[in-house]
Amino acid sequence: MSTILITGASTGFGRSLATEALDRGHQVALAVRTPESVADLVAAHPGKAHAIRFDLTKPADAERAVRETIEQFGSLDVLINNAGYGLLAALEETTDDQLSRNLETNFTGPFRLIRAALPVMRAQKSGRIISLSAIAAYANHPGFAVYAGAKAALDAACDAAAQETAAFGIKFTQVIPGPFRTDFIGRSLDHAERLPDYEATVGKFGAYLAKVNGKQPGDPVAASRLILDLLNEEKPPFRLVIGHYATTMLAKKIAANASELEAWKERGLATDFPAGS
Ligand SMILES: NC(=O)c1ccc[n+]([C@@H]2O[C@H](COP(=O)([O-])OP(=O)(O)OC[C@H]3O[C@@H](n4cnc5c(N)ncnc54)[C@H](OP(=O)(O)O)[C@@H]3O)[C@@H](O)[C@H]2O)c1
């Protein structure tokens, strides 16, 4: 049995992860903006589920969430950075407020929470940090400049942190989904005011998202089972790509990157000083 802190447990991936974790007998701290949204889980799992009022955009909430988890359960073994939301906006349509709120929610907030959890995990010489990334961080679409930028920033930060903390028994995994059937495209997708010139790109992607909403191929319950299975793996993957869509998109991107690297390799290599100089 592990103690797991999950952010955004009200709906979608977070709720599925929390439900599955509780069913498996883990102790779960549910970090949510509205504790009432998880009152049913807390009532159904007395002593095992604990709600914590938590907002990624409030800096003090990170250390408090970790502290409350320890006070309640006496330990913290796994942090699941799940909460987040999308922003559909061309780079030039994005307002300052949209930019800072999205970065705060998808990058700075999770970064702060990881930083708050690390001293506990470092002292106990074990820990798992799992974060919900997005395929857009690796193979992006028009309209996701800020959202995917924030996810890519967290992935890069965790890549470094994983190397910094491996010696303390701490293991990181970035989960990389394509479209999964949650509230993400509905209530969790912010929009900018569209400039007519971006209708053919951002507008088109927005229309695709609207069309797929409610019919996304990804099943968050199946994903949650796989994510929690990682806790039994001695060597969990740093990147876990889930669903056909993300798997295909990433494979195409890797092939395109390899071919571009090859095409420009000779000229790129020629920018080093001559060997031995
Ligand atoms: N579903 C997909 O297709 C998909 C694809 C790629 C990546 N993802 C990622 O998966 C993660 C979970 O999203 P989901 O698909 O499960 O969507 P969801 O059902 O809309 O859940 C989003 C969760 O994030 C929480 N949240 C948003 N802003 C927050 C804040 N400032 N502080 C604390 N909690 C906050 C929401 O809380 P409230 O209930 O209070 O709003 C909700 O619990 C996100 O990081 C998302 O980027 C999803």
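In which sense do strands S7 and S9 pair, and over how many bridges? Strand S7 covers residues 170-177. In this predicted model, S7 and S9 pair in the parallel sense, over 4 bridges. Within this pairing, Ile 176 stands opposite Val 241 of S9.

Strand S9 spans residues 239-242. In a regular strand the side chains alternate between the two faces of the sheet. Strand S9 shows such an alternation. Leu 240 and Ile 242 point to one face and are buried. Arg 239 and Val 241 point to the other face and are not buried. Val 241, the residue opposite Ile 176, thus belongs to the face that is not buried.

The interior was examined for enclosed space. The count comes to 1 cavity of 30 Å³ or more. The largest cavity holds about 50 Å³ of space. Asn 81, Asn 82, Ala 83, Thr 105, Asn 106, Pro 110, Leu 132, Ser 133, Lys 151, Leu 154 and Asp 155 line the largest cavity. Two elements give two or more residues to this lining: helix H4 (96-124) and helix H5 (145-165). By class, the lining has 4 nonpolar, 5 polar and 2 charged residues.

Helix H4 also carries Arg 112. Is Arg 112 buried or exposed? Its relative accessible area is 13%. Arg 112 therefore counts as buried, since the cut-off for that class is under 20%. Neighbours within four places in sequence aside, Arg 112 is in contact with Leu 56, Thr 57, Lys 58, Pro 59, Ala 62 and Glu 104.

Lys 125 lies in the loop between H4 and strand S6 (127-132). Most residues other than glycine have a negative phi. Lys 125 is not a glycine, yet its phi is positive, at about 60°. Lys 125 is exposed, with a relative accessible area of 54%. Outside its neighbours within four places in sequence, Lys 125 is in contact with Phe 168 and Gly 169. Lys 125 and Leu 230 are 105 residues apart in sequence. Their C-alpha atoms are 18 Å apart in space.

Charged side chains were considered next. How many salt bridges does the structure hold? The total is 12. One of them joins Glu 68 and Arg 64, at 3.0 Å from N to O. Both residues lie in helix H3 (residues 60-73). They are 4 residues apart, so about one helical turn separates them. Glu 68 is partly exposed at 22% relative accessibility. Arg 64 is partly exposed too, with a relative accessible area of 23%.

A salt bridge also links Lys 265 and Glu 262, at 3.8 Å from N to O. Both lie in helix H8 (residues 244-269). They are 3 residues apart, about one turn of the helix. Lys 265 is partly exposed, with a relative accessible area of 39%. Glu 262 is exposed, at 52%.

Asp 183 and Arg 187 form another salt bridge. Their closest N and O atoms are 2.8 Å apart. Asp 183 is partly exposed, with a relative accessible area of 30%. Arg 187 is exposed, at 56%. Salt bridges also link residues into a network. Its members are Glu 20, Arg 24, Arg 225 and Asp 229.

Methods. Residues are numbered from 1 along each chain as its sequence is written. This is a predicted model: local features need pLDDT of at least 70, side-chain atom pairs count only at pLDDT 80 or more; totals for chains, interfaces and linings use all residues. Side-chain values use heavy atoms; hydrogens and water are left out. Buried means under 20% relative accessible area, exposed over 50%, partly exposed in between (1.4 Å probe, protein chains only). Two strands pair if DSSP finds at least two bridges between them. On a 1 Å grid over the protein atoms alone, a cavity is a set of points where a 1.4 Å probe fits but cannot get out, and a pocket is an open set with protein on both sides within 12 Å along at least five of seven lines; lining residues have an atom within 4 Å of a point. Grid points are joined across faces, edges and corners, and a volume is the space filled by probe spheres set on the points. Ala, Val, Leu, Ile, Met, Phe, Trp, Tyr, Cys and Pro count as nonpolar, Asp, Glu, Lys and Arg as charged, and the others, Gly among them, as polar. Contact means heavy atoms within 4.5 Å. A salt bridge is a side-chain nitrogen of Lys or Arg within 4 Å of a carboxyl oxygen of Asp or Glu.
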